[in-house]
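Reader: I'd like to understand how the words used for a protein model are earned. Could we look at one together, and may I keep asking "how do you know"?

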There are 4 protein chains.
Amino acid sequence: MVSPTAILLISCPDQKGLVAKIANFIYANGGHIIHADQHTDFAAGLFLTRIEWQLDGFYLPRDLIAPAFNAIAQPLQAKWELHFSDTVRRIAIWISRQDHCLLDLIWRQRAKEFAAEIPVIISNHPDLQVVADQFDIDYCHISVTKENKQEQEAKQLELLEQYKIDLVVLAKYMQVLSEEFLTKFPQVINIHHSFLPAFIGANPYHKAFERGVKIIGATSHYVTANLDGGPIIEQDVVRVSHRDEVEDLVRKGKDLERIVLARAVRLHLQNRVLVYGNRTVVFG
Amino acid sequence: MVSPTAILLISCPDQKGLVAKIANFIYANGGHIIHADQHTDFAAGLFLTRIEWQLDGFYLPRDLIAPAFNAIAQPLQAKWELHFSDTVRRIAIWISRQDHCLLDLIWRQRAKEFAAEIPVIISNHPDLQVVADQFDIDYCHISVTKENKQEQEAKQLELLEQYKIDLVVLAKYMQVLSEEFLTKFPQVINIHHSFLPAFIGANPYHKAFERGVKIIGATSHYVTANLDGGPIIEQDVVRVSHRDEVEDLVRKGKDLERIVLARAVRLHLQNRVLVYGNRTVVFG
Amino acid sequence: MVSPTAILLISCPDQKGLVAKIANFIYANGGHIIHADQHTDFAAGLFLTRIEWQLDGFYLPRDLIAPAFNAIAQPLQAKWELHFSDTVRRIAIWISRQDHCLLDLIWRQRAKEFAAEIPVIISNHPDLQVVADQFDIDYCHISVTKENKQEQEAKQLELLEQYKIDLVVLAKYMQVLSEEFLTKFPQVINIHHSFLPAFIGANPYHKAFERGVKIIGATSHYVTANLDGGPIIEQDVVRVSHRDEVEDLVRKGKDLERIVLARAVRLHLQNRVLVYGNRTVVFG
Amino acid sequence: MVSPTAILLISCPDQKGLVAKIANFIYANGGHIIHADQHTDFAAGLFLTRIEWQLDGFYLPRDLIAPAFNAIAQPLQAKWELHFSDTVRRIAIWISRQDHCLLDLIWRQRAKEFAAEIPVIISNHPDLQVVADQFDIDYCHISVTKENKQEQEAKQLELLEQYKIDLVVLAKYMQVLSEEFLTKFPQVINIHHSFLPAFIGANPYHKAFERGVKIIGATSHYVTANLDGGPIIEQDVVRVSHRDEVEDLVRKGKDLERIVLARAVRLHLQNRVLVYGNRTVVFG
């Protein structure tokens, strides 16, 4: 599918006729739906949908789709987002000292597994400047301490603005973002190296080892002020045994982290994730 | 969701307006869609959908839905099936000597994991009569040899008619059904004890052991005249090691077989499987 | 392998010559080792091993093996257990209202997946008497409240003695055992319906649903006074999605619970589990 | 464990006293066993073991271990290999046009996930010279056609000798090696992008798509003259659905290929794989 598409992500109170109304809007304007998926959360009384159609042959120019759809959405009390498949979003990858998720994301971006630009890497350590250089990406070293956190976050926000960043990916960034930061820049995906909600916080592999678990996991989620408590996008696991020392858990975990984070970023960039409450609908 | 629903499974050549037309049909008749999922096979130029709506408040009585929808379906050259969620289908479980899949299906039916009646068990061996007695199910022993296969299949077909069977589940029935049989009664689900298409035919666990695989699987599929070649509904796998003898593969495989077959039967009974060509769309 | 075997499970401070000393003891007495596995926990400075040999041709009669081995074990400060493969242990299955784990264990025992007798089912509810009757197993209904817990536990202990029980399996028994009980009868295996240590305590599926996890799990562990905190024997997981309501998690979880508990019980009965600290070595 | 170890991989006809004899040899020479695992293949009457001990404090110098052990091995008709954990083996990575397995192996080697040198990349295409340059590895482009295969294999063998290569890793090298080549250089590990023995040969993802499987896999194995038929070291799988086009299978498969190949190479380098017949024992 090389021709560009439009994608609507919609959530609204459930009622009759929603699928018809949305489909009619697209059909009436000459749109060809290529993907439509819907979910009803009965407990919440909520209708959630993702609908994707080809822009070729669609009567409305791009800038008129949102206002036109708004006329339909408003009486339905719908929250919605409109995206175009050929939008190339700009990602800032945040890291500390570990390079595996960073390298993996860069490799996938170069391999065109997802469409995005990575203009900048932000780190609280100088170590991985060399990777940035190798791939011709800017590297901003902003060390963060308890004392300077507020001013450093101001600098980070400035950088995000300066680089016109759409999405921050915490690719093993071992610092907590403040609530203020997240209010100003809420589009942040994290990878946590445990099967959440087990082993929240620091040193999950050590804790997993001590607990003697037989399976370890990794979790990618949107970041909220609630530590490791944001809406989960993707998780995966791998079996371990008594033979695995902590460093084996770390090694096996790295493979999980790479894959789980990459899947989450890809799902987000393809506009397949709809957050409601503290949950996600992932239109796979 | 206790109120009954109608389900349409539709496949037709892809074109604009399909979602709108189908959704409008339901909305115009007062239907409340609670589940809609769609898939487009671009290579085949095919649109495939499953749409489910509540019958409470639907203006059309059940017997008029099919003729009414036909008026819409015909110009679209659509193939379609209409089902009602409160239809209790009648299953004949076919077995040979092993009881694990049989007991599992009976347990799930009693636990209401799926809505179905199991009025009869058909076997080419007399061994499991006792299970049938225990659960008050009729047991028909029809031994099959090369010589008598044709006449025995005639008897089997008679039984299916007599018991008003909707679905045959081959729950480790170690015989091949003839093409003639399948033409007369095509709704047959099988469990094959391998990760198809590996190890087609007899003794897959022995073959898996000899090949030294590190993972074994089970596959549930619709039966066609092509041995172990019908459309796959569900598969799953489990890890094995050099420590596993053939009997360990058999034991581990039994757990797979039970679960994979049960999932496939449940998906079928919930009208979530749409076959096209030799493939399935499983609306999960 | 039908001929009976002896199994030693040994843990002792690590030092040179341990494998040689133990193997020599067996060889010197004419034993043929058919399985030997060893693990060293370097952090704990601990050597752990499981060694199994054929009793046919072994010079020592069964009752002299333990005293003879003790002469070797004592200077090594070894903790050890001696088992014979043809010992048929007696299991009491404890349940509340759910039957799936109970039926599964009974089915596996009858299918000879493990060698054990199940002379009695103990329940805090009368509901499943009918299952006990069907399989000719005694059923003891002992209802437990906060007030009568102490005296009821006394009754339960009496029953365990009366039935000569070696192992208690909590097959979805929804009550906590007191520390006193566990001191008197420590061989208890539980199945917890979550991926521990996530969702300790009551209603793990509800909690998992609310947290919006993408994978659920089940954990079988030895019971200690620390709620859901005992040494883990086995865990497994299954993927879920936004489409799964709480009752779907429950249904999917049941399949996990059955399999994980059965694996743990089998490993225990085959003397493959060595507990040290709060961890297990599982000699697979 | 930083101190170097010696590893014996032994297979011999099963008989009494084998564990004792081998352990005594090590203990008598002052060795401290840190890992010992054993497997008996009863059908084949074969005893297989891996035993690892610390060289610190071992009385025998390295070059005398083999002759000393030979005196024990010969009367047992044992086949055996002796390895040292600090041996750094030299790998030649062979590729065609795809870079994902290559980059992954290089990353793991740099991250010290396994100890090896990668002095040369051999390819039948010139495309990935740039990767070699980036990591300062020699790149040899040897294009192979039906006509020149024999002489090109001669060149390849020369290169392996010149670079003192211990192990060839086919990291998506899309050519078949001749039986002559394998006779001269048998240490070759391949990654095949299917769950063998399903989809042997070319285009497994296309075949998997056409067959409509619900799970795809990858297999790493030693290469023999029997196409995709050599002893399997490791396999893994990932779930797919009707939504996955062939290119999605390729993308998901790449993650599998990277991980499965890396695991197999690591197991081999740690001397954990013992081949017998067409099977492997993997001492995990």
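Reader: What does helix H5 of chain A lie across, and at what angle does H5 run to S6(A)?

Author: Helix H5 (residues 149-162) of chain A lies across strand S5 (89-95), strand S6 (116-123), S7 and S8 of chain A. Its direction makes about 160° with that of S6(A). Angles run from 0 to 180 degrees between N-to-C directions, with axes being lines fitted to C-alpha atoms, for helices over the stretch in contact. Angles under 35 degrees count as roughly parallel, over 145 as roughly antiparallel, 65 to 115 as roughly perpendicular and the rest as oblique. At about 160°, H5(A) is therefore roughly antiparallel to S6(A).

One caution about where this comes from: this is a predicted model, in which local features need pLDDT of at least 70 and side-chain atom pairs count only at pLDDT 80 or more, while totals for chains, interfaces and linings use all residues. As for names, residues are numbered from 1 along each chain as its sequence is written, and chains are lettered from A and ligands numbered from 1 in the order in which they are written.

Reader: What makes something a helix or a strand here?

Author: Both are DSSP runs, numbered from the N terminus: helices are H or I with at least four residues, and strands are E with at least two.

Reader: Which strands form the open sheet of chain A, and in what order?

Author: The seven strands follow the order S7-S6-S5-S8-S9-S10-S11 in chain A, with mixed pairing. Strand S7 (138-141) and S11 of chain A are the edge strands, as each pairs on one side only. From one strand to the next, the twist averages 20°.

Reader: How do you know that S8 and S9 of chain A pair?

Author: Two strands pair if DSSP finds at least two bridges between them. Strand S8 (residues 167-170) and strand S9 (residues 188-192) of chain A have three bridges, so they pass, and they pair in the parallel sense. Across from Val168(A) stands Val188(A) in S9(A). In general, strands of a sheet pair through backbone hydrogen bonds, either parallel or antiparallel.

Reader: Why are H3(C) and H8(C) called oblique to each other?

Author: The axes of helix H3 (residues 100-110) and helix H8 (residues 246-269) of chain C cross at roughly 45° and come within 9 Å. That angle falls in none of the named ranges, so H3(C) and H8(C) are oblique to each other. The crossing of H3(C) past H8(C) is right-handed: the near helix is turned clockwise from the far one by less than a right angle, whereas anticlockwise would be left-handed.

Reader: Which residues of H3(C) and H8(C) meet?

Author: H3(C) brings His100(C), Cys101(C), Asp104(C), Leu105(C) and Arg108(C), and these meet Lys254(C), Glu257(C), Arg258(C), Leu261(C), Ala262(C) and Val265(C) of H8(C). Residues are in contact if their C-beta atoms, placed from the backbone, lie within 7 Å. Sorted by class, the contact of H3(C) with H8(C) has five nonpolar, one polar and five charged residues. Ala, Val, Leu, Ile, Met, Phe, Trp, Tyr, Cys and Pro count as nonpolar, Asp, Glu, Lys and Arg as charged, and the others, Gly among them, as polar.

Reader: At what angle do the axes of H3 and H8 of chain D cross?

Author: In chain D, the axes of helix H3 (residues 100-110) and helix H8 (residues 246-269) cross at roughly 45° and come within 9 Å. This makes H3(D) oblique to H8(D). H3(D) also passes H8(D) in a right-handed crossing.

Reader: What makes up domain 1 and domain 2 of chain A?

Author: Domain bounds come from an automatic or database domain assignment, and for chain A it gives domain 1 (5-84) and domain 2 (89-282). Their C-alpha centres lie 31 Å apart. Eight residues from domain 1 of chain A and five residues from domain 2 of chain A take part in the contact.

Reader: How many residues of chain C are in contact with chain D?

Author: There are 17 residues of chain C in contact with 17 residues of chain D. Helix H1 (18-28) and strand S2 (32-41) of chain C each give two or more residues to the side touching chain D, and S2(C) gives the most, with eight residues. By class, this side of chain C has nine nonpolar, six polar and two charged residues.

Methods. Two residues are in contact if their C-beta atoms, placed from the backbone, lie within 7 Å.
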